[in-house]
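Me: I am new to this structure and would like a close look at a single part, the place where two chains meet. Please explain each term as you go.

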Amino acid sequence: MPLLTQRIPDENDYCLVASLDNVRNLSTILKAIHFREHATCFATKNGIKVTVENAKCVQANAFIQAGIFQEFRVQEESVTFRINLTVLLDCLSIFGSSPVPVFVSIAGTFTALRMCYQGYGYPLMLFLEEGGVVTVCKINTQEPEETLDFDFCSTNVINKIILQSEGLREAFSELDMTSEVLQITMSPDKPYFRLSTFGNAGSSHLDYPKDSDLMELFHCNETQVNRYKISLLKPSTKALVLSCKVSIRTDNRGFLSLQYMIRNEDGQICFVEYYCCPDEEVPDS
Amino acid sequence: MKFRAKIVDTACLNHFTRVSNMIAKLAKTCTLRISPDKLNFILSDRVANGGVSMWCELEQENFFSEFQMEGVSAENNEIYLELTSENLSRALKTAQNARALKIKLTNKHFPCLTVSIELLSVSSSSRVVTHDIPVKVIPRKLWKDLQEPTVPDADVSIYLPVLKTMKSVVEKMKNISNHLIIEANLNGELNLKIETELVCVTTHFKDLGNPPLASENASQDRNLEQMAEVHIDIRKLLQFLAGQQVNPTKATCRPTELPLGSTLGGHIYCGLVCRASHVESGCSLNSMNDDHRSAAHVQLTLQQVSL
């Protein structure tokens with residue numbers, strides 16, 4: 001006990017304090033967007049948003065709302081810092097990342113977390129505890145970089161589909177990576193929703209009928225055919241495997257928004273979202 | 001030079017297999033020293049920075065039902081052999097449900113350690129699998145390099161926490177840094193620490209307990225809270241932790257008796273040594289067994305990385 005109290009400055013010194021009984025509720029969501037080394041974190045009184053970007057073309061956001069945490073306090077309007085996500089995830093899973101087997105999941109086998117941040121220029125402090133063993137991590141934060149604004153507005157959305165994730169999981173894990181692009185067709189008429197690749201071994205098309213059991217919502221206004229770099233979309237598989245539902249939307253510019261609904265171990269719902277810009281204009285066929 | 005030995009007891013056979021697996025995980029080649037009352041597996045790799053050296057002792061009567069040996073001469077009644085440790089562990093893989101195991105030193109154009117395994121079969125006829133493991137006989141002039149290392153007096157020695165937790169922590173730390181700092185005091189507290197430009201991570205274990213010190217006078221006046229620290233190569237420590245094959249079934253059904261989950265069934269202690277000069281100090285991880293029936297004494301030294 002003296003060990004901890006000795007090192008913690010006054011609670012009021014921190015502009016961000018968050019506690020969590022089960023660290024996996026946080027680490028799982030962060031793993032879903034871990035396709036680049038660095039992430040930018042924004043904390044407001046509503047929760048934390050963690051953003052990862054690549055090639056100025058794709059952006060992934062994980063939302064961990066305040067309700068997920070047992071304690072969540074933000075002293076300022078908003079707190080922003082950049083952090084090495086790989087290191088953060090290694091620290092969060094320091095007591096092992098494998099899920100607790102069901103038959104021993106009695107209270108106390110979870111890793112508890114307390115996260116504190118003192119403000120600009122200070123490191124992010126993590127206090128992790130499992131079975132009386134305490135780990136203290138001091139992760140240096142970096143200058144926050146401006147993140148992209150995709151200006152994806154729901155009023156501009158042309159087509160929207162909500163699918164049960166299992167319907168996309170196999171399709172995404174078996175994408176023909178020799179194809180440079182993934183072409184997504186969304187249309188009020190046949191083929192309704194089509195994923196196409198054009199690889200070395202030939203083209204492949206995967207159609208989803210609109211009355212499929214997997215289709216929770218089908219709301220397409222006009223036919224849109226857009227291509228997205230497959231290398232940019234592939235990392236979203238990480239979020240897909242964790243999610244139960246996925247919403248696929250495109251706006252009038254062909255920008256793609258993928259929203260994943262992820263249920264954590266306590267049954268709470270979190271969202272991870274990917275934005276991707278289209279690759280090129282598709283010639284009319 | 002003659003050597004032949006036989007194991008018939010299944011528990012002894014399994015134990016011998018586990019010891020050989022552990023050694024195979026630690027090193028490519030090892031030295032086997034055969035003397036009338038014990039077998040030693042020796043690993044000395046002191047040359048490189050942070051090298052691992054190991055001294056593993058098996059009392060022959062705890063393992064073997066028959067044991068005959070004749071050393072190079074009457075006054076030097078010992079045999080030193082160099083062998084690829086994986087070959088031995090691979091040969092012993094077939095011995096899992098064996099009825100008996102025979103080991104002998106043979107000469108088949110070149111010196112070999114011949115392992116014959118008598119397997120059970122459905123019919124009454126028995127099957128024998130034989131492995132010839134090529135060995136190098138180490139000449140007497142090199143024996144002096146392979147003597148039992150003396151463990152320097154420790155400033156602090158402490159029991160290790162549950163190996164599974166420790167291994168998981170060290171594994172994650174390895175992703176971030178190459179060097180690990182181990183700190184311990186006589187108050188049962190152990191810290192594992194890494195420091196890099198990006199991050200500092202410290203894991204605090206407490207209430208671990210300290211084994212009684214071998215030399216009484218060494219740390220009598222040492223402050224209980226004062227930490228002794230060593231810097232070691234994380235990969236070497238992990239190699240050692242991985243070598244200690246955890247037996248989860250035993251650990252869960254007898255948690256109080258086997259708090260450390262070691263296959264060797266006894267306690268493992270980590271003696272931390274700190275001396276004035278950095279080159280002299282080192283960390284030795286000792287694994288001791290109290291189970292006298294099949295006692296194996298493993299001593300592993302990790303040299304401190306000089307800073």
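Which strand of chain A is joined to S14(B), by how many bridges, and do the two run parallel or antiparallel?

Reply: The model is predicted, so local features need pLDDT of at least 70 and side-chain atom pairs count only at pLDDT 80 or more, whereas totals for chains, interfaces and linings use all residues; side-chain values use heavy atoms, without hydrogens and water. Residues are numbered from 1 along each chain as its sequence is written, while chains are lettered from A and ligands numbered from 1 in the order in which they are written.

Strand S9 of chain A, residues 133-139, is joined to S14(B) by 6 bridges, and the two run antiparallel. Strands pair if DSSP finds at least two bridges between them. Strands (E, at least two residues) and helices (H or I, at least four) are DSSP runs, numbered from the N terminus. At the level of residues, A:Thr135 has B:Thr203 in S14(B) as its bridge partner.

The contact (heavy atoms within 4.5 Å) involves 21 residues of chain A and 17 residues of chain B. The size of an interface is often given as the accessible area lost when the parts come together. Here the buried area, which is the accessible area (1.4 Å probe) that two parts lose on being put together, summed over both, is about 1600 Å². Carbon and sulfur atoms give 57% of this area. On the chain B side, B:Lys172, B:Leu198 and B:His204 lose the most area to chain A, together 40% of what that side buries.

Between chain B and chain A there are 0 salt bridges, a salt bridge being a side-chain nitrogen of Lys or Arg within 4 Å of a carboxyl oxygen of Asp or Glu. There are, however, 9 residue pairs in polar contact across this interface, both residues at pLDDT 80 or more. A polar contact is a pair of N or O atoms within 3.5 Å; within protein, one must be able to donate a hydrogen and the other to accept it, and residues adjacent in sequence count only if both atoms are side-chain atoms.

Two elements of chain B, helix H4 (163-176) and strand S14 (199-205), each supply at least two residues of the side that touches chain A. That side divides into 8 nonpolar, 6 polar and 3 charged residues. Ala, Val, Leu, Ile, Met, Phe, Trp, Tyr, Cys and Pro count as nonpolar, Asp, Glu, Lys and Arg as charged, and the others, Gly among them, as polar.

Salt bridges do occur in the whole structure, which has 15 over all chains. One of them joins A:Arg114 to A:Glu71, with the closest N and O atoms 2.9 Å apart. A:Arg114 lies in strand S7 (residues 112-117) of chain A and A:Glu71 in strand S5 (residues 71-74), so this pair ties together parts 43 residues apart in sequence.

Another salt bridge, at 3.9 Å from N to O, joins A:Arg82 and A:Glu145. A:Arg82 is in strand S6 (residues 79-84) of chain A, and A:Glu145 is in the loop between S9 and strand S10 (157-164), 63 residues apart. S9 is also the strand joined to S14(B). A:Arg82 is buried at 17% relative accessible area, whereas A:Glu145 is partly exposed at 48%. Buried means under 20% relative accessible area, exposed over 50%, and partly exposed in between (1.4 Å probe, protein chains only).
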